[in-house]
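Please look over the sequence and the structure shown here. A short report follows, with headings by topic.

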Amino acid sequence: MGIIAWILIGLLAGAIAKLLLPGKDPGGIIITMLIGVAGGLLGGWLGKVLFDVDSIDGFFDLSTWIAAIVGSLILLVLYRLLTGNSRSHRHA
């Protein structure tokens, strides 16, 4: 797959991860999109390392999308843990 396909999959996987884990994230939509692109790469790598499968076969393969979404979910959770959850509000 080309770089444009990876970016598109990552953007969509990031949006799906955001739908599955709603909440206000620090950084907004741009950070969520970048997390999606990085998550797609992470998911493909994890599929290869953990299950010895080529989870990055093609744009329309289900395994590609599952790997990208799982990777995006992992990175979104890690990002929230590292930056702090913005749901906690300070009362004056």
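## A residue to start from

This is a predicted model. Leu81 lies in helix 3, which covers residues 62–83. Is Leu81 buried or exposed? Leu81 is exposed: its relative accessible area is 65%, and the cut-off for exposed is over 50%.

Leu81 also belongs to a nonpolar surface patch of about 630 Å². The other members of the patch are Leu62, Ile66, Val70, Ile74, Val77 and Leu78.

## Overall make-up

The protein has 3 helices and 0 strands. Along the sequence the pattern reads α-α-α. Of its 92 residues, 30% count as buried.

About 6,000 Å² of the protein is exposed. Carbon and sulfur atoms supply 74% of that area. Among contacts with a separation of 6 or more, 73% join residues 24 or more positions apart.

## Helix 1

Helix 1 takes in residues 3–20. Its 18 residues should span 26 Å at 1.5 Å a residue. The end C-alpha atoms are 25 Å apart, which agrees.

Which residues of helix 1 are buried? They are Ala5, Trp6, Ile9, Gly10, Ala13, Gly14 and Ala17. Seen down the helix axis, these buried residues fall within an arc of 165°, so they line one face of helix 1. They pack against helix 2 (28–51) and helix 3. The face turned away from the buried side carries the exposed residues Ile4 and Leu19.

## Ala13 and Thr32

Ala13 sits in helix 1. Its relative accessible area is 0%, so Ala13 is buried. Neighbours within four places in sequence aside, Ala13 is in contact with Ala68, Ile69 and Ser72. Those three residues are themselves among the buried residues of helix 3.

Thr32 is part of helix 2. Thr32 is buried, with a relative accessible area of 7%; the cut-off for buried is under 20%. Beyond its neighbours within four places in sequence, Thr32 is in contact with Gly14, Lys18 and Asp25. Gly14 is one of the buried residues of helix 1. How far apart are the C-alpha atoms of Ala13 and Thr32? They are separated by 9.7 Å, with the two residues 19 apart along the chain.

## Helix 3

Helix 3 has 22 residues, which should span 32 Å at 1.5 Å a residue. The distance between its end C-alpha atoms is 31 Å, which agrees.

The buried residues here are Thr64, Trp65, Ala67, Ala68, Ile69, Gly71, Ser72, Leu76, Tyr79 and Arg80. What do they pack against? Their partners are helix 1 and helix 2. Just after helix 3, Gly84 takes a positive phi of about 90°.

## Val70 in the patch

Val70 is found in helix 3 and contributes to the nonpolar surface patch. Its relative accessible area is 42%, so Val70 is partly exposed. Leu81, in the patch as well, is exposed at 65%.

Val70 and Ala17 are 53 residues apart in sequence. In space, their C-alpha atoms are 7.9 Å apart. Ala17 is one of the buried residues of helix 1.

Definitions and conventions
Residues numbered from 1 in each chain as written. Predicted model: local features only at pLDDT ≥ 70, side-chain atom pairs only at ≥ 80, totals over all residues. Heavy atoms only, no water. Patch = residues over 30% accessible without salt bridge, like charges linked within 9 Å, V, L, I, M, F, W, Y side chains within 5 Å. Areas by Shrake-Rupley, 256 points an atom, 1.4 Å probe, with all protein chains shown as cover. Salt bridge = Lys/Arg side-chain N within 4 Å of Asp/Glu carboxyl O. Helix = DSSP H or I, 4+ residues; strand = E, 2+ residues; numbered from the N terminus. Buried < 20%, exposed > 50% of the residue type's maximum accessible area, 1.4 Å probe, protein only. Contact = heavy atoms within 4.5 Å. Expected span 1.5 Å × (residues − 1). Arc of directions from axis to C-beta.
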